[in-house]
Structures are given as structure tokens and as C-alpha cells.
Amino acid sequence: MEAIQWKLLPLLTLLASFLLFFYFQNPSKQYQKNCSLLPYQHYWITSKRIVTPHGIISGAVEVKEGKIVSIVKEEEKNGKTKLENVIDYGEAVVMPGLVDVHAHLDDPGRAEWEGFPSGTQAAAAGGITTLVDMPLNSDPSTVSRETLQLKIKAAESRIYVDVGFWGGLVPENAFNASSLEDLLNAGVLGLKSFMCPSGINDFPMTNASHIKEGLSVLAKYRRPLLVHAEKQLDLESDLRVEGGSNDARSYSTYLKTRPASWEEAAIRDLLTLTKDTRIGAPAEGAHLHIVHLSDSSNSLDLIKVVYYKYDAKSGGDSVTVETCPHYLAFSAEEIRDGDTRFKCSPPIRDAANKEKLWQALLAGHVDMLSSDHSPTLPELKLLDDGDFLRAWGGISSLQFVLPVTWSYGQKYGVTLEQLALWWSERPARLAGQELKGAIAIGNHADMVVWDPDVEFDLDDDPVYLKHSGISAYMGTKLSGKVSATFVRGNLVFKEGKHAPAACGVPILAK
């Protein structure tokens with residue numbers, strides 16, 4: 001009998017392997033049970049307001065196995081076979097899922113600041129279907145193949161939306177082409193550098209020489225370099241010019257320590273390098289992206305010169321720029337003494353600056369929006385002390401960016417098509433994600449369903465950020481409530497409930 005059992009063992013092992021293979025090759029069971037709040041993979045979404053690249057339509061979007069397979073206008077549905085598995089959203093807006101190219105989830109190493117699970121749950125609840133995680137403030141920073149692998153491992157089965165990764169350009173690797181190529185070959189979507197101290201020890205600042213080298217390596221990969229554009233100048237002279245109180249609890253004191261001239265100086269340096277990205281130039285194929293622009297005066301004027309003088313058709317500089325909702329929602333005059341929730345860098349500037357920033361966004365001089373979600377531990381924000389000079393900087397915002405942009409944008413006549421352009425189409429292009437950013441046939445079925453007319457108090461709504469109390473948005477009333485979020489066809493969020501399993505996909509460049 002024992003001999004027979006030993007003879008059967010290989011057959012049983014083979015049978016078990018076959019069953020496991022069949023299970024994983026039949027994703028519908030896994031899909032239904034874990035990844036989605038829907039019981040099917042083939043279905044239709046209908047709405048009277050579907051935002052497509054060709055305008056807003058009333059109609060239906062067919063989703064099958066994670067992809068958009070057809071789009072039918074209302075008038076075209078007549079006479080067609082009766083649609084099955086229909087989810088009717090009526091007057092609610094169906095829009096491409098947001099692509100946030102600038103978020104700090106701090107995982108691994110500082111997951112107590114945020115982490116992949118809470119961060120991506122918040123993203124899903126806010127209509128973000130794809131985000132690209134910054135190389136800091138995780139520990140270690142993502143500056144090599146090995147540190148990228150640590151981040152990918154930390155993300156496995158812990159992300160509710162798709163997540164890509166930027167790598168870090170630092171002095172340690174900037175002049176080592178093979179090291180940068182190894183990082184890029186490992187799958188980062190591009191590189192990020194700081195022109196001022198980052199506040200993280202293993203992510204030191206770069207200068208123009210480092211950035212020039214980075215662009216030359218990125219050229220053959222056709223991937224972007226994202227730059228934090230602030231360059232430290234003679235701070236004492238700036239403070240003498242500004243004058244006034246130096247009370248650390250006063251926001252004006254902090255604002256004086258990071259004047260607009262820092263942004264201007266950094267951008268001036270960067271624009272001497274971007275000529276290398278022109279057609280036929282040494283770094284053709286590379287692209288430079290200026291993150292979180294705050295200064296809408298001299299810094300923006302420098303960028304406008306490049307935009308006016310060159311364009312893609314004439315083979316000009318390959319440059320884009322983003323700003324963030326907090327620069328469009330808040331102004332320095334409104335920030336109370338000691339309220340360090342509003343500290344970030346570059347800083348939130350005055351109301352006149354905010355108005356000009358809105359005008360630049362509407363006119364196309366600013367290309368896109370990002371959250372720059374940058375959380376930390378509540379004790380590091382020094383909320384009790386209110387010391388702006390010592391508190392950790394960063395705005396916690398990931399879940400709120402869609403309603404914030406819509407609510408504050410109403411004054412300026414912002415349209416649904418503009419939201420899709422700023423938050424989906426252009427960020428997807430920057431990150432090299434051709435199958436994202438638009439409701440179009442063949443694309444991933446990444447969509448957000450939301451009602452622009454519903455008002456809600458953040459304090460009364462579920463917030464999934466790990467430390468919601470440090471967000472500058474808490475205590476506000478917003479318009480534009482997200483009711484559902486689809487990632488690759490999976491209904492990952494619906495009216496306060498997430499899918500049971502975290503089935504987001506780590507995105508790696510090929």
C-alpha cells in the first residue's frame with residue numbers, strides 16, 4: 001500500500017499544479033471574489049455625461065476584461081442588441097480616472113507616514129486610478145535598481161490603484177551613466193531631482209551639471225526628468241528686503257525664507273539646458289518637467305518665453321510644467337498663525353499670485369495638475385507649537401484633488417473637458433501611459449464617476465488618508481462627490497466601500 005501511495009504522489013502533485021494553473025488562467029473567479037465590487041467582467045456603463053476625447057456624450061461604454069471595447073452614443077443605441085449588465089449612472093459624470101504623477105506614499109521605510117494601502121485607498125476614493133510614486137520619502141530613496149526592487153516588493157498586493165515609480169537623480173548616480181541606465185532598465189518611468197535640499201539625507205540636491213547628464217541618459221529612453229525648481233540664493237538679503245516680523249508662528253516669516261526668486265533662479269538655470277532636448281540636439285528624446293510651480297510672476301514669464309518661441313512642430317524645447325490644487329485654492333493672507341498644515345515648498349503665495357496662476361492654467365501656460373501629496377506624522381507637523389520654520393513641509397491631499405479643483409475652479413468657468421485634460425490626458429502622456437488618461441476604445445477601463453453638484457463637508461465624510469488631521473483641507477465644504485472608481489475594469493470603490501483585495505498593478509517601463 002505504501003509503495004502505491006508513493007507512486008501516486010507525482011500524479012497528485014501534477015493534478016494540483018494543473019488546478020492551480022487553471023485557476024490563475026481563469027481570472028473571472030479571482031476578479032469576482034476579490035478585486036472588484038462587481039460580479040462580472042463584461043458590462044456597460046451608461047450616463048448622460050461621459051467625457052471623451054471628442055467631447056461629452058450621452059451614451060454607453062462597454063467594458064470587457066479590463067479594457068474599453070466600445071463606446072456608443074445614445075442615438076446609436078437604438079436598434080442594437082439589448083445591453084446586458086448595465087450600470088446606469090444617469091446624470092452623474094463619467095470621466096477618465098485621474099492620473100496623479102506626483103505623490104509621496106513613503107513606502108517602504110516610512111509607511112507610518114502614509115504607506116501604499118491607505119494612500120491608494122484614498123486615491124481610489126478620490127477618483128485617482130493611476131499614481132506615480134516619488135523616489136522619496138521612502139527609506140531608502142529609490143535611486144538604484146536594488147532600491148526600486150524594495151519598493152516594488154512593498155507594493156505587491158497592497159495597492160488599490162495602479163502605481164508607477166519615478167527614480168531619483170542624485171549626485172551619487174548623475175555622472176554614472178551605467179547606474180542610471182540600470183535604474184531605467186529596471187522600470188522607473190523617469191527621474192526626479194531637487195535643486196535645493198530635499199530634507200531627506202539620502203536624496204541630496206543636484207545642480208545644472210547633474211541635470212544635464214541626467215537628460216543625456218534619459219534621451220535614448222525617451223522618458224522625462226522631473227525637477228523641484230528652487231535654488232537657494234542669499235537668504236539674508238531677501239529677508240532684509242522683505243522686512244517685518246520674524247515670528248516663527250507667522251506664516252509670513254516662513255514665506256520670506258523661500259522667496260519667488262528661488263523658483264526664478266532655478267527655472268532660469270533649467271531653461272539653459274532644455275535647448276539640448278530640441279530635435280537634432282544632444283538630448284533629443286529627453287523631456288524636462290517642472291513640478292509644483294508656485295510663482296506665477298517672473299518664473300512663469302520665463303516659461304512663457306520658451307512656449308511662445310518654440311513649439312513641438314518647430315522642434316523646440318521639450319518642457320512641461322505642473323501646479324497643484326493647494327496653490328489654486330489657498331493664499332498666504334488666509335493662513336492663520338501657527339497653522340502648519342499649510343506649510344509646503346515652494347510655499348503658497350499671495351492672492352494676486354493665485355489669480356495669475358489660475359489664468360496661466362486656463363491659458364495653457366501650465367500644462368497639468370498633480371497633488372504633490374506629501375504626508376508625515378502629526379507630531380512632525382508641530383501642530384501644537386505652530387512653528388513654521390521647524391515643522392515638516394507638505395500638503396496631505398490625495399483624496400480631495402478632484403473636488404478641490406472643481407470647487408475652486410467654478411469661479412473661473414472650469415469645464416469637465418479641462419479637468420480631464422489637466423488630470424488625466426496630459427499626466428498620462430508625461431508618464432508614458434498610452435492606454436490611460438482617456439475614455440477611448442482599447443484603453444484600460446480606468447474611470448471615475450462623480451456628481452459635480454453634490455456638496456459635502458470633509459469632516460463628515462470618510463477619509464482614508466492615514467493622518468487626515470494634518471490635511472489643510474479638513475474643515476472645508478467642497479462640491480463634486482466621487483461615487484465610483486474603476487481601475488482596469490475593476491470596481492475598486494463604490495460609495496464608501498473598497499474592493500476586498502488590493503489588485504492594483506505596479507507599472508514598470510519597458
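How many aromatic pairs does the structure hold? The count is twelve. The model is predicted, and the close-ups below pick out some of its side chains.

**View 1. W113 and W392 form an edge-to-face aromatic pair.** The two ring centres are 5.1 Å apart. The planes stand at 70 degrees to each other. That counts as edge-to-face because the angle is over 60 degrees. W113 sits in the loop between β6 (98–103) and α4 (116–125). W392 sits in the loop between β14 (368–369) and α15 (401–409). The partners are 279 residues apart, so this pair links distant parts of the chain. W113 is buried, because its relative accessible area is 6%. R110 also appears here, lying over the face of W113. Its distance from the ring centre is 5.4 Å.

**View 2. Four rings join in a cluster.** The members are F330, F342, F400 and Y473. Ring pairs make the links between them.

**View 3. A lysine sits over a phenylalanine ring.** The lysine is K481, and the ring belongs to F456. The charged end of K481 is 4.7 Å from the centre of that ring.

**View 4. K220 and E181 bridge two helices.** Side chains of opposite charge can pair when their charged atoms come close. Here K220 forms a salt bridge with E181. The closest N and O atoms are 3.2 Å apart. K220 belongs to helix α8 (residues 208–221). E181 belongs to helix α7 (residues 177–185). In sequence the two are 39 residues apart. Are these partners buried or exposed? K220 counts as exposed, because its relative accessibility is 58%. E181 is partly exposed, at 24%. The whole structure holds 21 salt bridges.

**View 5. E230 and R258 form a buried salt bridge.** The closest N and O atoms are 3.0 Å apart. E230 lies in the loop between β11 (224–228) and α9 (235–242). R258 lies in the loop between α10 (251–257) and α11 (260–273). The pair therefore ties together parts that are 28 residues apart in sequence. Both residues are buried.

**View 6. E263 is a buried residue in helix α11.** Its relative accessible area is 2%. E263 counts as buried because that value is under 20%. Which residues does E263 contact, leaving aside its neighbours within four places in sequence? They are A229, E230, H292, L293, S294, D295, S299, P346 and R349. E230, from the salt bridge with R258, is thus one of the contacts of E263.

**View 7. R390 and D387 meet in a salt bridge.** The N to O distance is 3.0 Å. The two side chains have opposite exposure labels. R390 is exposed, because its relative accessible area is 55%. D387 counts as buried, because its relative accessibility is 14%.

**View 8. Salt bridges link four residues in a network.** The residues are D162, K436, D446 and R488.

**View 9. V291 is a buried loop residue.** The loop runs between β12 (287–290) and α12 (298–309). V291 counts as buried, because its relative accessibility is 2%. Where its neighbours within four places in sequence are left aside, V291 contacts H102, K192, L226, V227, H228 and E322. L369 also belongs in this view. V291 and L369 are 78 residues apart in sequence. In space they are 9.2 Å apart, C-alpha to C-alpha.

Note on methods:
Residues numbered from 1 in each chain as written. Predicted model: local features only at pLDDT ≥ 70, side-chain atom pairs only at ≥ 80, totals over all residues. Heavy atoms only, no water. Salt bridge = Lys/Arg side-chain N within 4 Å of Asp/Glu carboxyl O. Helix = DSSP H or I, 4+ residues; strand = E, 2+ residues; numbered from the N terminus. Buried < 20%, exposed > 50% of the residue type's maximum accessible area, 1.4 Å probe, protein only. Contact = heavy atoms within 4.5 Å. Phe/Tyr/Trp six-rings, centres within 6.5 Å; stacked < 30°, edge-to-face > 60°. Lys NZ or Arg CZ within 6 Å of the ring centre and 35° of its normal.
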